[in-house]
Every structure is written in structure tokens, then in C-alpha cells.
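Here is a short tour of one protein chain, written for someone meeting a structure like this early on. Keep the picture open while you read.

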Amino acid sequence: MPGVVRQGDIDQAGGKALSGVGSVRVNGRPIVVNGTQVSPHGKGKHGAAKTAGGVGSVRAGGKPVNVIGNTDDCGHPRTQGSSNVRAG
């Protein structure tokens with residue numbers, strides 16, 4: 001199973017997950033769910049991307065949790081996450 005994405009983790013192009021569900025922490029950082037804003041990392045759709053493709057069977061704040069390999073709505077996959085907390 002892939003590692004869970006946390007606030008501050010990046011996608012393939014360096015876009016950081018800017019927030020998370022504060023009441024659910026992984027390695028001391030908020031867990032990232034579908035719809036989390038991603039820092040701008042290019043033009044067009046890369047300037048206002050959000051996380052997507054989360055694990056439907058694992059939720060935080062009522063939304064699917066993101067893991068390494070989920071693709072943001074700009075097309076870049078998440079490449080960074082927890083090394084010891086996994087979901088899938």
C-alpha cells in the first residue's frame with residue numbers, strides 16, 4: 001500500500017499540498033484529502049490545481065485520503081508521503 005500524503009508533501013512537478021484535515025495527523029502533519037489546494041507549479045491548470053483520486057475506502061473529514069501515486073487534477077501524480085503510514 002502507498003504512503004499517505006501530508007500537508008507540505010509535493011507532486012511530480014513540485015506542487016505542495018497546502019493544507020489538510022487538522023484533526024487527523026500523520027507524522028505530526030495534517031492528512032491530505034481530495035480537493036486540497038496545491039501550490040502553483042506552472043501555467044494554466046497547474047496554477048490552481050487540487051488533489052484528486054483519493055482512496056475511497058479511507059476518509060478524513062468525510063473526503064477520500066490521498067496517497068502516493070494519486071493524480072492531482074492538473075495531471076501530476078503525488079510523489080511524496082509518509083514512509084510508515086499507508087492506505088489503500
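Let's start with a word we'll need a lot: a residue is called buried when its relative accessible area is under 20%, exposed when that value is over 50%, and partly exposed in between. One more thing before we dig in: the model you're looking at is predicted.

**Charged pairs**

Take Asp9 as a warm-up. Its relative accessible area is 1%, and because buried means under 20%, Asp9 counts as buried. The side chain of Asp9 meets that of Arg29 in a salt bridge, with 2.5 Å from N to O. These two sit in distant parts of the chain, 20 residues apart: Arg29 belongs to strand β2 (residues 29–31), while Asp9 lies in the segment before β1 (21–26). Is Arg29 buried or exposed, or partly exposed? Arg29 has 29% relative accessibility, so it falls in the partly exposed group.

Now look at Arg78, which has a relative accessible area of 1% and is buried. Its side chain forms a salt bridge with the side chain of Asp11, at 3.7 Å from N to O. Arg78 lies in the segment after β4 (63–65) and Asp11 in the segment before β1, so this pair ties together parts of the chain that are 67 residues apart in sequence. Asp11 is buried as well, at 0% relative accessibility.

Arg78 has another salt-bridge partner, Asp72, with 2.8 Å from N to O. Asp72 is buried too, at 3% relative accessibility. Salt bridges that share partners also join Arg6, Asp9 and Arg29 into one network. How many salt bridges does the count come to? The count is 4 salt bridges.

Here are the three pairs we just met, side by side:

| Salt bridge | Distance, N to O |
|---|---|
| Arg29 and Asp9 | 2.5 Å |
| Arg78 and Asp11 | 3.7 Å |
| Arg78 and Asp72 | 2.8 Å |

**Around Asp72 and Thr51**

Let's stay with Asp72 for a moment. You'll find Asp72 in the segment after β4. The side chains of Asp72 and Arg78 also make a polar contact, at 2.8 Å. If you skip residues up to four places away in sequence, Asp72 touches Asp11, Val38, Lys50, Thr51, Ala52 and Arg78.

One of those is Thr51, so hop over there next. Thr51 is in the loop between β2 and β3 (55–60). With 4% relative accessibility, Thr51 counts as buried. Which residue's side chain shares a polar contact of 3.1 Å with the side chain of Thr51? That partner is Asn66. Beyond its neighbours within four places in sequence, Thr51 is in contact with several residues, including Val32, Val33, Gly35, Asp72 and Arg78.

**A buried glycine**

Next up is Gly15, in the segment before β1. Gly15 has a relative accessible area of 0%, which makes it buried. Leaving out residues up to four places away in sequence, Gly15 touches Asp9, Ile10, Val38, Ser39, His41 and Arg78. You can also compare Gly15 with Ser82: they are 67 residues apart along the chain, and their C-alpha atoms are separated by 17 Å.

**The nonpolar core**

Which residues make up the largest nonpolar core? There are 10 in all: Val4, Val21, Val26, Ile31, Val33, Val55, Ala60, Val65, Val67 and Ala87. Strands β1 and β3 each supply at least two residues of this core.

Try picking out Ala87. Not counting neighbours within four places in sequence, Ala87 is in contact with Met1, Pro2, Val4, Val55, Val58 and Val67.

**Where Val85 sits**

Last stop: Val85, in the segment after β4. At a relative accessible area of 31%, Val85 is partly exposed. Val85 and Pro2 are 83 residues apart in sequence, yet their C-alpha atoms are 8.4 Å apart in space. Setting aside neighbours within four places in sequence, Val85 is in contact with Pro2, Gly3, Val4, Val26 and Asn27. Among those contacts, Val4 and Val26 may ring a bell, since you've already seen both names in the list for the largest nonpolar core.

Terms used:
Residues are numbered from 1 along each chain as its sequence is written. This is a predicted model: local features need pLDDT of at least 70, side-chain atom pairs count only at pLDDT 80 or more; totals for chains, interfaces and linings use all residues. Side-chain values use heavy atoms; hydrogens and water are left out. Helices (H or I, at least four residues) and strands (E, at least two) are DSSP runs, numbered from the N terminus. Buried means under 20% relative accessible area, exposed over 50%, partly exposed in between (1.4 Å probe, protein chains only). A polar contact is a pair of N or O atoms within 3.5 Å; within protein, one must be able to donate a hydrogen and the other to accept it, and residues adjacent in sequence count only if both atoms are side-chain atoms. Contact means heavy atoms within 4.5 Å. A nonpolar core is a set of buried Ala, Val, Leu, Ile, Met, Phe, Trp, Tyr and Cys residues joined through side-chain atoms within 4.5 Å.
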